[in-house]
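Student: Could you take me through the sheet in this one, and then what sits around it? I'd like one connected look rather than a list.

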Amino acid sequence: MYEKIALVTGSNRGIGFAVAKGLLLKGHKVIVTSRKEIDGRKAVKYLSVFGDVDYHTLDVSDDESIRQLKEYIEKEYSQLDILVNNAGINYDTWQTALNADLDEVHETIETNVFGPWKMIKAFLPMMKKNKYGRIVNVSSGSGAMNEMGAGTPGYSISKTALNVLTIKFAHEVNGNDILINSVCPGWVKTDMGGASAPRTPEEGAETIIWLAELEDPNLNGKFFRDKKIIEW
Ligand SMILES: NC(=O)c1ccc[n+]([C@@H]2O[C@H](COP(=O)([O-])OP(=O)(O)OC[C@H]3O[C@@H](n4cnc5c(N)ncnc54)[C@H](OP(=O)(O)O)[C@@H]3O)[C@@H](O)[C@H]2O)c1
């Protein structure tokens with residue numbers, strides 16, 4: 001029997017895949033999700049040796065996709081204990097605020113901000129009803145106001161906005177044993193992070209997994225890196 005039911009967005013590769021693996025190794029049931037079913041099924045085939053895996057397609061920028069996932073989880077489990085909003089796009093190192101392609105920025109915000117926002121709107125009521133929930137928003141130091149430079153305007157703004165969402169929702173959980181936090185995984189060797197990044201996906205996943213199992217009720221609406229609170 002599994003401990004908790006967890007869902008990780010964008011868990012077919014990168015940090016999301018490592019989070020799914022880590023949560024399985026801790027005894028949780030993990031619902032792996034991916035935009036393309038073929039990618040997700042491949043991940044599930046690999047991950048199933050580590051524990052109890054389920055699968056559903058999910059594109060966080062598609063309302064109908066979120067609706068179908070919610071309907072499936074309500075019908076199959078009537079609960080979701082852990083939600084990891086990991087899916088993210090467009091680390092736009094090639095532009096600054098002045099020369100930014102705003103259509104691209106729009107697309108980034110759609111996935112990196114409205115995606116998690118819609119996911120939380122879909123699943124927080126279920127968590128409140130069950131009086132338990134851990135929501136982890138995978139953000140970035142690029143979204144920290146105190147670390148910002150000129151580059152990655154769309155990405156940085158999207159992650160700052162995601163951090164604001166963390167704070168807003170942290171005020172809406174009303175106890176209920178629900179905790180919502182943001183995390184920077186560090187610079188991680190993935191398709192997004194590139195080959196020069198110093199951290200493995202497993203290292204990047206560590207604090208995310210720790211937050212997914214957090215016990216301390218005071219740690220709500222905060223921003224973490226390496227299991228320590230950092231500045232917004
Ligand atoms: N890598 C780093 O150094 C680093 C540093 C700080 C923060 N982060 C954050 O960590 C998270 C994971 O990054 P990563 O490095 O693992 O990136 P990645 O290797 O590029 O993987 C991104 C994942 O998100 C999925 N995704 C993208 N758009 C989606 C959508 N609309 N709906 C559902 N899934 C979607 C991708 O699916 P497809 O396979 O279909 O594209 C993929 O599974 C992101 O939020 C990123 O901003 C990463």
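Tutor: Start with β1 (residues 5-8) and β4 (residues 82-85): these two strands run parallel and are joined by 3 bridges. If you want a spot to zoom in on, Ala6 stands opposite Ile82 in β4. Keep in mind that this is a predicted model.

Now widen the view. That pair belongs to an open sheet of 8 strands with mixed pairing, and the order reads β3-β2-β1-β4-β5-β6-β7-β8. The edges are β3 (53-57) and β8 (228-229); each has a single partner strand, so one side of each is left without a neighbour in the sheet.

Next, the helices that lie on those strands. Helix α2 (residues 37-47) lies across β2 (29-34) and β3, and its direction makes about 150 degrees with β2. Farther along the chain, helix α5 (residues 153-170) lies across β5 (133-138), β6 (178-183) and β7 (223-225), running at about 165 degrees to β6.

And then there's the ligand. It has 32 residues around it, of which Gly10, Gly14, Gly88, Thr190 and Gly193 come nearest. Which helices help build that shell? Both α1 (14-25) and α4 (102-130) supply at least two residues each, and α1 gives the most, with 3 residues. Sorted by class, the shell around the ligand comes out as 14 polar, 12 nonpolar and 6 charged residues.

Methods: Residues numbered from 1 in each chain as written. Predicted model: local features only at pLDDT ≥ 70, side-chain atom pairs only at ≥ 80, totals over all residues. Pairing = 2+ DSSP bridges. Helix = DSSP H or I, 4+ residues; strand = E, 2+ residues; numbered from the N terminus. Contact = placed C-beta atoms within 7 Å. Axes fitted to C-alpha atoms, helices over the stretch in contact; angles between N-to-C directions. Near = placed C-beta within 6 Å. Nonpolar A, V, L, I, M, F, W, Y, C, P; charged D, E, K, R; others polar.
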